[in-house]
Amino acid sequence: MPIGNAQPSVRPVPAGRTDGAPAGSAGRRRGAGPRPVRRGSRAERFAPYVLVAPAILIIVVLRLYPLLLGVNFSFTGDGERNGTTVGLDNYLELLDDPLFRTALSNVGLLVLLLPVAVAIPGLLATFIYLRVPGHRFYRSVYFFPAVLSPVIVGAIFNLLLAFDGPVNAGLEAAGISPVDWLGKPGVAMFVVVGVHIWATFGMALVVFLAGFATLDAALLDAARVDGASLPQVIRHVIIPGLSRTIAFVAVTTMVGMLTSMFGLLYVMTSGGPEGSTYLPEYYIWIQQGQMNRPALASAASTVLFVIMLVVGLLQVKLLRRAGGED
Amino acid sequence: MSRVRLSRWLLAIPMSLLALATIYPLLFIANVAMKTRRDYILDRFSLTDALRWDNISTAWNSVGMDRYFVNSLIVVTSSVVLLLLFGSMAGFALSQLRFRGSSALFLGCLAGLFVPFQVIMVPLARIMADTALIDTYPGLILVFVAQFLPFTVFLMTSYYKTIPREVIDAARIDGNSVYGVYRRIMLPLGTPALLSVGILNALFCWNDVLMSLVMMPSADHRTLMVGVTSLRGQYSDDIPTFASGVLIAAIPVLVVYLFLQRQIADGVAAGSTKG
């Protein structure tokens, strides 16, 4: 189909369908017509760059550049000191702010709860893999909340957990005194994390099941023939065999808890009661949107980024170690 | 053997209870949406005595859910189309074409995966304000595309890697330009991956609240999820209408899930195993 280009070469086919190519380079190429081109015409050689350009441009301009901008911004002042360099002032203020300290200690709580958030889908995936009666049904039911928005999940649980709501009514009927699930500082954070786990364990479940697909079924059969009990099978066959998957789920679950609980916090507690359910992402949003302290918010963002980096590096290390064990 | 059987059946009990706990909240909200206010206050648990759609139509018409719904639809559709276009273009180039700097560019795309929106929220909002894109559809669309592009490029690249190079070579011999190969070969061959990634991206964008809240804050421009959060304040004493709003926001996802459950799960699994 080439037009106006009679090259003997078989491989590169320059002209004709360069629909997406920049007009300029196409013109120049036609001018250089008879020159034998070994690795394709100019437009062809540029094609890969043209294809990746939109993606690279968007990622660099709207993700990587803002990161630098934000770090830079965190060393400047807010309000009257807008634009002036203030050194570490914002970071010192963060350390002084009880709300931010709560946010950080809540991150610690998330880390402590991480094993639970990984173990639940892991166990359920094991049972499904071992073909508990109705395993297909469970699989699709469990995954369902994972596709719902945190906003919807939060709104539903707001109703369920309201002080005069159905959960407390149920407790009362059973003779247990009602609990102010979302209004009690020591309780609210656990409730929100619990709802988050309820809403997301299906994702991890699917990842675990994908991991199980790579597990050597002969090993399981051998263990069973040897009379191993279920806990023994889990400990000696499944956990070592799935170490990579477990590491991956641990990291993605941690990242999920750090970056996708905003919707729940916003709908269920608004950071309350008494600021007890703050997380860094909520703090950033409050400082940026409500308090008009963008530079302080940037400092909090940088702290969050460092936390994420630590998680990311841990992932690389864990995955490498898990890979080495195989 | 029978002992194993028995223990399996025993396991099925907690698993069914958990399944019930997973489904119940949604049934509860659907039930509440059908009730009258009086019924709800008198008894929260009882099944509604009739399928009443008044609350739903109130939520749809007078609260502005219709408007929010259209806003979400516009933003999500445009974002997904752009994500699939840019993601497949880059995925094709990075997986099948040899060119200088390709691995550096791939790493650059991946780096985007490690920058969550929360971390760049402040400077990004500022960039959008400086370019007058804040509180506009294109602004939120760009933010969505930037958010989910690294993941999309990554998945498309690993999918296209599985296509043998001979297919592309043959198409080139047949006289296709690089762009022709993209359009005639890679796009059609990529359909399963595009479908899976597209649905996942649609869900992510549809369900988002933080980006929408920061980038399109005004009442006219609220997306559906932001609209649901605003419902709560307005209808705190009219729970059935509130529940109807929540139900309206959940129904599209419910329908997508019922029909495309497989693709969604495949997408999630692909993201994990190709890491």
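Read from its N terminus, chain A runs α-α-α-α-α-α-α-α-α-α-α-α-α-α, which comes to 14 helices and 0 strands. Helices (H or I, at least four residues) and strands (E, at least two) are DSSP runs, numbered from the N terminus. What you have in front of you is a predicted model, in which local features need pLDDT of at least 70 and side-chain atom pairs count only at pLDDT 80 or more, while totals for chains, interfaces and linings use all residues. Residues are numbered from 1 along each chain as its sequence is written, chains are lettered from A and ligands numbered from 1 in the order in which they are written, and side-chain values use heavy atoms, with hydrogens and water left out.

Let us stay with chain A for a moment. Of its 326 residues, 53% count as buried, where buried means under 20% relative accessible area, exposed over 50%, and partly exposed in between (1.4 Å probe, protein chains only). Among the contacts in chain A with a separation of 6 or more, 66% join residues 24 or more positions apart; contact here means heavy atoms within 4.5 Å.

A:Leu209 is a good place to zoom in. This leucine lies in helix H8 of chain A and is buried, at 11% relative accessibility. Beyond its neighbours within four places in sequence, A:Leu209 is in contact with A:Ala125, A:Ile128, A:Tyr129 and A:Arg139. A:Glu274, by contrast, is 65 residues from A:Leu209 in sequence and 40 Å from it in space, C-alpha to C-alpha.

Now bring in the second chain. In all, 92 residues of chain B are in contact with 91 residues of chain A. The two chains bury about 8,300 Å² between them, 76% of it on carbon and sulfur atoms; this buried area is the accessible area (1.4 Å probe) that two parts lose on being put together, summed over both. On the chain B side, B:Met15, B:Gln118 and B:Tyr179 lose the most area to chain A, together 10% of what that side buries.

How many salt bridges does the rule find across this interface? It finds 1, counting a side-chain nitrogen of Lys or Arg within 4 Å of a carboxyl oxygen of Asp or Glu. The side chains of B:Arg172 and A:Glu44 meet in a salt bridge at 2.6 Å, N to O.

The nonpolar interior is worth a look too. The largest nonpolar core, a set of buried Ala, Val, Leu, Ile, Met, Phe, Trp, Tyr and Cys residues joined through side-chain atoms within 4.5 Å, has 199 residues, and those with the most contacts inside it include A:Trp285, B:Phe92 and B:Met186. Helix H8 (residues 185-212) of chain A gives the most to this core, with 17 residues. B:Phe92 touches A:Leu51 as well as B:Leu97, B:Tyr160, B:Val178, B:Val181, B:Tyr182 and B:Met186, not counting residues up to four places away in sequence.

Several of those partners belong to helix H9 (residues 178-189) of chain B, whose buried residues include B:Val178, B:Val181, B:Tyr182 and B:Met186. The buried residues of H9(B) pack against helix H2 (42-73) of chain A, and against H4, helix H7 (137-161) and helix H8 (165-173) of chain B.

Finally, helix H4 (residues 65-96) of chain B holds B:Asn71, which is buried at 1% relative accessible area. Leaving aside neighbours within four places in sequence, B:Asn71 is in contact with B:Tyr137, B:Asp220, B:His221, B:Arg222 and B:Thr223. Its side chain reaches the backbone oxygen of B:Asp220 at 2.9 Å.

Key: Polar contact = N/O pair within 3.5 Å; in protein donor to acceptor, adjacent residues only side chain to side chain.
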